[in-house]
Amino acid sequence: MNALLIVDVQNDFLPGGNLAVPNGDLIIPVINNLQKKFNLIVASRDWHPANHGSFASNHPGRKPGDTTILNGLDQILWPDHCIQGSPGAELSSMLNQSLFHKVIFKGSNPEVDSYSAFFDNGHKIETELHHFLQKKGIKRLFIAGLAADVCVWFTVKDALKLSYETFLITDATKGVNMNPGDTENALKDMKQEGAILISSEQVEDFM
Ligand code: VGL
Ligand code: ZN
């Protein structure tokens, strides 16, 4: 069985948002079209409390893009984003949500970031995602969304570790590129780890 996983297509990651992915909005019609090809669709949402440790604003004197150590883990500091209940945390109103079977919330613990839709960055706490997909008999996971060089990247890596046959839909993702070359590097890494990079038009060939 196949599933489509749509990562963090939330207002703060779209143009005009607090942590905007350049041209992030361009993937939304691609994703809406892709959804027609799947019987199981899951979305994730970044869902931070205002005191989240990944926000530069919670580290006096530090600015977005700086790095720090958060509970023993390397942490990039981000602008405030996806604060629980804020408009920036909403899924885009342009995204068709009527076909979603499940929405996974992540990043609620202020002490640890959670890029992957499967695990927190310390790999200590698991979301419901793997259990849900297993229950549904999913073997092949097609991944889309934002950002290619952060949450999509970590989600793809975890999917591979969990032994899903993992596809990244390259025209249905975009990177934030906090540092130049981040997206290129992430795509290269995903490929090297075993992800299959395909375009949305190739999806049926792999189902
Ligand atoms: C993300 C940075 C911080 C993402 C989430 O969804 O890619 N990026 N939090
Ligand atoms: Zn975040």
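This briefing describes a zinc site and the surroundings of one histidine in the structure above. The model is predicted. Its zinc ion (ligand 2) is coordinated by Asp46, His48 and His81, and the geometry of the site is irregular. Histidine 52, treated separately below, is buried.

**Zinc coordination**
- The zinc ion (ligand 2) is bound through OD of Asp46, NE2 of His48 and NE2 of His81, at 2.0 to 2.2 Å.
- The four donor atoms of the zinc ion (ligand 2) subtend angles of 88 to 171°. The site is classed as irregular because four donors count as tetrahedral if all angles lie between 85 and 135 degrees, and as square planar if opposite donors are over 155 degrees apart and all others between 65 and 115.

**Donor residues in the chain**
- The sequence spacing of the donor residues of the zinc ion (ligand 2) follows D-x1-H-x32-H.
- Distant parts of the chain are linked by aspartate 46, in strand β2 (residues 41-46), and histidine 81, in the loop between β4 (73-76) and β5 (102-106); the two are 35 residues apart.
- Aspartate 46 has a relative accessible area of 3% and is therefore buried, the cut-off being under 20%.
- Histidine 81 is likewise buried, with a relative accessible area of 3%.

**Surroundings of histidine 52**
- Histidine 52 is located in the loop between β2 and β3 (67-70).
- The relative accessible area of histidine 52 is 0%, so this residue is buried.
- A polar atom of the histidine 52 side chain lies 3.4 Å from the backbone oxygen of glycine 107.
- Leaving aside residues up to four places away in sequence, histidine 52 touches Asn58, Gly107, Asn109, Pro110, Val112 and Asp113.

Terms used:
Residues are numbered from 1 along each chain as its sequence is written. Chains are lettered from A and ligands numbered from 1 in the order in which they are written. This is a predicted model: local features need pLDDT of at least 70, side-chain atom pairs count only at pLDDT 80 or more; totals for chains, interfaces and linings use all residues. Side-chain values use heavy atoms; hydrogens and water are left out. Donors are N, O and S atoms within 2.8 Å of the metal (3.2 Å for Na, K and Ca); water is not among the atoms, so sites may look incomplete. Four donors count as tetrahedral if all angles lie between 85 and 135 degrees; four count as square planar and six as octahedral if opposite donors are over 155 degrees apart and all others between 65 and 115; anything else is irregular. Helices (H or I, at least four residues) and strands (E, at least two) are DSSP runs, numbered from the N terminus. Buried means under 20% relative accessible area, exposed over 50%, partly exposed in between (1.4 Å probe, protein chains only). A polar contact is a pair of N or O atoms within 3.5 Å; within protein, one must be able to donate a hydrogen and the other to accept it, and residues adjacent in sequence count only if both atoms are side-chain atoms. Contact means heavy atoms within 4.5 Å.
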